[in-house]
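Please look at the sequence and the model below. The paragraphs that follow go through its ligands one by one, together with a charged pair of side chains.

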Amino acid sequence: MKSVAIRHDWTIDEVEKLFDMSFNDLLFKAHCIHRQQFNPNEVQISTLLSIKTGACPEDCSYCPQSVRYDTGVEKEPLMAVDAVIEQASRAKEQGATRFCMGAAWRSPKDKDLDQVIQMVEGVKALGMETCLTLGMLKKEQSEKLKEAGLDYYNHNIDSSEEFYDKIITTRKFDQRMDTLKNVQDAGINVCSGGIVGMGESVRDRAGMLLALANLEQHPGSVPINALVQVKGTPLHGIEKIDDLAFVRTIAVARIMMPKSMVRLSAGRNEMSDSTQAMCFFAGANSIFYGEKLLTTSNPEENKDMALFSKLGLSAMPHRH
Ligand code: SAM
Ligand code: DTB
Ligand code: SF4
């Protein structure tokens, strides 16, 4: 593997310049970095499960699970441990190496955390990597999860600091950063990214990637989501992000965070094969796999397998 400078001192002007490059130049640059660091024909496969659905007190204007919007999502309590492990085992059979469990919480209660810890232990025992996304975490909670053997914690910064209060009012951007710090300090790998297509400017996209790349450590995984528009949420009906602008976001993420897994996340169900292929060329090397994300649809498994076959891609093996 060739060495590459890992920078934490990006400036917004530099990042905007990357976004402004000619498309061919940008994709070539991103792809060269990608190829130096990774096998360009391997894609890491994560499967998601919503372990606690709906009735979330937060007001994230993109989210179908907020209690404030009438989206038709049925609320469900925290799942039983056995049922979660059964789902993880099914995901493993389908080829997933990482199992991500998500809960519609602002932050977990200690009692609930104990139940989630049993899930982490059970999924790990299957030989899979574990990831949780439960909202804000305190220092002690992060340490408890580290002790349980949790591999990744997902906590998205979602957008730039400047745009943040236009989409969420019930918490501040800084609170997201505090949780990321608690998780990193506890020694858990961070998975953090954001959403594009929420009406943000290119400068906001640049600001979001800048905040991630200038963290003390780059997140191990960087999910880039294209907004899934859900009826009933305030962002429903907003203009969709242009596919090529989405590909650019992936390319810039790859250039800024050369060693991170860049995940082509939500929004694939509305994306053509060609757009996804460009994302893989631009440096995306991870996807969510399985018919459902948390509450919305993802491409069916056989459709993704057909895409992998057309592109000559294979699932990245889990490196213990
Ligand atoms: N409640 C926790 C939190 O917000 O941190 C964890 C679960 S939350 C559903 C996880 C992430 O899903 C959010 O940070 C957001 O990036 C993403 N997300 C939610 N709704 C989305 C949508 N409609 N389109 C794309 N991404 C979405
Ligand atoms: C991430 O960045 N995207 C995933 C995962 N991390 C938790 C969630 C996408 C959710 C899309 C809307 C839904 O299905 O509810
Ligand atoms: Fe709640 Fe997370 Fe959805 Fe925001 S994104 S409303 S915190 S589940």
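In this predicted model, ligand 3 is surrounded by C56, E58, C60, Y62, C63, S66, A104 and R171. Sorted by class, this shell holds 5 nonpolar residues, 1 polar residue and 2 charged ones. The space that ligand 3 takes up is the largest cavity.

Two members of that shell, E58 and R171, also pair with each other. Their side chains form a salt bridge, with 2.8 Å from N to O. The two residues are 113 residues apart, and the pair links distant parts of the chain. R171 belongs to the loop between α6 (161-167) and α7 (173-185), while E58 lies in the loop between β1 (42-52) and α3 (81-93). Side chains of opposite charge can pair when their charged atoms come close. Counted by the rule of a side-chain nitrogen of Lys or Arg within 4 Å of a carboxyl oxygen of Asp or Glu, the model has 16 salt bridges.

Next comes ligand 1. Y62, which is among the residues around ligand 3, is also one of the closest residues to ligand 1. The others named as closest are N156, D158, R176 and V228, and the surrounding residues number 18. Which parts of the protein make polar contacts with ligand 1? A polar backbone atom of Y62 is 3.0 Å from a nitrogen atom of the ligand, and a polar backbone atom of A103 is 3.3 Å from a nitrogen atom of ligand 1. From the side chain of N156, an N or O atom is 2.8 Å from an oxygen atom of ligand 1. On its own, ligand 1 would expose 550 Å², and the protein buries 90% of that area. The shell around ligand 1 comprises 11 nonpolar, 5 polar and 2 charged residues. Ligand 1, too, sits in the largest cavity.

That leaves ligand 2. Its surroundings consist of L48, P64, T133, N154, N156, P223, N225, F288, L293, L294, T295 and T296. N156 thus appears beside ligand 2 as well as among the closest residues of ligand 1. How many charged residues does the shell of ligand 2 have? There are no charged residues in it; the shell is made of 6 nonpolar and 6 polar residues.

Oxygen atoms of ligand 2 have polar partners in the protein. A polar side-chain atom of T296 is 2.8 Å from an oxygen of the ligand, and one of N225 is 2.9 Å from an oxygen of ligand 2. L294 contributes a backbone N or O atom, 3.0 Å from an oxygen atom of ligand 2. Taken alone, ligand 2 exposes 400 Å², of which the protein buries 88%. Ligand 2 also has its place in the largest cavity.

Notes:
Residues numbered from 1 in each chain as written. Chains lettered and ligands numbered in written order. Predicted model: local features only at pLDDT ≥ 70, side-chain atom pairs only at ≥ 80, totals over all residues. Heavy atoms only, no water. Near = heavy atom within 4 Å. Polar contact = N/O pair within 3.5 Å; in protein donor to acceptor, adjacent residues only side chain to side chain. Areas by Shrake-Rupley, 256 points an atom, 1.4 Å probe, with all protein chains shown as cover. 1 Å grid on protein atoms, 1.4 Å probe; cavity = no way out; pocket = protein on both sides within 12 Å on 5 of 7 lines; lining within 4 Å. Sits in = over half its atoms within 2 Å of the grid points. Nonpolar A, V, L, I, M, F, W, Y, C, P; charged D, E, K, R; others polar. Helix = DSSP H or I, 4+ residues; strand = E, 2+ residues; numbered from the N terminus.
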